[in-house]
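Hi,

Here's the structure I said I'd pass along. Have a look at it first, and then read on for what turned up.

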Amino acid sequence: ALFQTLEEQLNYQFSRFNYTQEYEDRANQVVRILLVQKDYIKLDEVADRLCLSRSSIKGTMQDVRDILDAFKLTIYSKPGYGVKVIGEEINIRFCMLELFIDYDYRNTPNIKEQEYLSYFILEQTDIAALRQHFLKTLRESGTRIADANTHRLVRYFFLMYNRYLEGKRLTF
């Protein structure tokens with residue numbers, strides 16, 4: 001009887017953890033899709049890309065707005081066209097970087113949105129070599145940064161360069 005009570009609690013916690021993680025990841029996936037759009041996108045298309053129903057996407061939109069609000073970004077909706085993210089380029093980049101989640105170049109990112117993922121890689125570029133060059137420059141300058149932040153900055157270099165190639169410039 002004691003084991004059954006414990007088993008029920010563990011099953012509840014395990015089920016709840018998976019559901020919560022999946023639900024949070026769903027909002028992250030939607031934000032990733034929205035951030036890389038060059039123009040409007042309909043929620044039906046977002047739902048199709050994620051193999052979900054439109055109502056599932058609509059149910060996630062408040063969480064999507066909350067994520068974007070944290071970066072001073074908003075969703076603009078235009079009837080017949082869809083939605084798009086608006087805000088300053090630096091905030092878009094910070095949001096994209098934050099949603100990358102695992103910056104360590106040795107890990108394979110667990111991100112399914114290939115268009116989003118493409119901002120964090122460069123063809124013919126060895127990310128480990130770039131990081132080593134960056135670390136050498138840091139050492140020579142006397143600047144000290146935590147190792148986790150060096151991984152994050154190297155990913156930002158790729159994001160910055162790819163956004164720049166698209167004509168996305170920072171304004172001050």
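Below is a run through the overall layout, then helix H7 and its surface, one buried arginine, and the salt bridges.

Before anything else, please keep in mind that this is a predicted model.

**The overall layout**

The protein has 7 helices and 2 strands. Going along the sequence, they come in the order α-α-α-β-β-α-α-α-α. Of the 172 residues, 36% are buried. If you take contacts between residues at least 6 apart in sequence, 62% of them join residues at least 24 apart. The accessible surface adds up to about 11200 Å², and carbon and sulfur atoms account for 53% of that surface.

**Helix H7**

H7 covers residues 147-165, which is 19 residues. From first C-alpha to last, H7 reaches 28 Å, close to the 27 Å expected at 1.5 Å a residue.

Which residues of H7 are buried? They are Thr150, His151, Val154, Arg155, Tyr156, Phe158, Leu159, Asn162 and Arg163. So that list has charged and polar side chains in it as well as nonpolar ones.Tyr156 deserves a closer look. Tyr156 lies in H7 and counts as buried because its relative accessible area is 11%, under the 20% cut-off. Leaving aside neighbours within four places in sequence, Tyr156 is in contact with Ile90, Arg93, Leu97 and Leu170. The C-alpha atoms of Tyr156 and Glu98 are 10.0 Å apart, with their positions 58 residues apart along the chain.

Tyr161 is also found in H7, and with 42% relative accessibility it counts as partly exposed. Together with Tyr164 and Leu165, Tyr161 makes a nonpolar surface patch of about 330 Å². Just after H7, Gly167 takes a positive phi of about 90 degrees.

**Arg32**

Is Arg32 buried or exposed? Arg32 is buried, with a relative accessible area of just 2%. You'll find Arg32 in helix H1, residues 2-35. A polar atom of the Arg32 side chain lies 2.8 Å from the backbone oxygen of Leu99. Beyond its neighbours within four places in sequence, Arg32 is in contact with Asp25, Leu99, Ile101, Ile111, Glu113 and Tyr116.

**Salt bridges**

How many salt bridges does the structure hold? There are 9, and here are some of them.

Lys38 and Glu166 meet through their side chains in a salt bridge, at 2.9 Å from N to O. This pair links distant parts of the chain: Lys38 sits in the loop between H1 and helix H2 (43-50), Glu166 sits in the segment after H7, and the two are 128 residues apart. Lys38 is exposed, at 56% relative accessibility, while Glu166 is partly exposed, at 34%.

Glu98 and Arg152 form another salt bridge, with their closest N and O atoms 2.9 Å apart. Here too the pair links distant parts of the chain, with Glu98 in helix H4 (residues 89-100), Arg152 in helix H7, and their positions 54 residues apart. Both partners are partly exposed: Glu98 has a relative accessible area of 37%, and Arg152 is at 26%.

Where do Lys136 and Glu140 lie? Both are in helix H6 (residues 127-141), 4 residues apart, about one turn of the helix. They form a salt bridge with the closest N and O atoms 3.1 Å apart. Lys136 counts as partly exposed, at 43% relative accessibility, whereas Glu140 counts as exposed, at 57%.

Finally, Glu45, Arg49 and Glu115 are joined into one network by salt bridges that share partners.

If you open the model, H7 is a handy place to begin: Tyr156, Tyr161 and Arg152 are in that helix.

Cheers

Key. Residues are numbered from 1 along each chain as its sequence is written. This is a predicted model: local features need pLDDT of at least 70, side-chain atom pairs count only at pLDDT 80 or more; totals for chains, interfaces and linings use all residues. Side-chain values use heavy atoms; hydrogens and water are left out. The expected span of a helix is 1.5 Å times one less than its number of residues. Buried means under 20% relative accessible area, exposed over 50%, partly exposed in between (1.4 Å probe, protein chains only). Patches are made of residues with over 30% relative accessible area and no salt bridge: like charges are joined within 9 Å, nonpolar side chains (Val, Leu, Ile, Met, Phe, Trp, Tyr) within 5 Å. Accessible areas come from the Shrake-Rupley method with a 1.4 Å probe; for residues, only the protein chains shown count as cover. A salt bridge is a side-chain nitrogen of Lys or Arg within 4 Å of a carboxyl oxygen of Asp or Glu. Contact means heavy atoms within 4.5 Å. A polar contact is a pair of N or O atoms within 3.5 Å; within protein, one must be able to donate a hydrogen and the other to accept it, and residues adjacent in sequence count only if both atoms are side-chain atoms.
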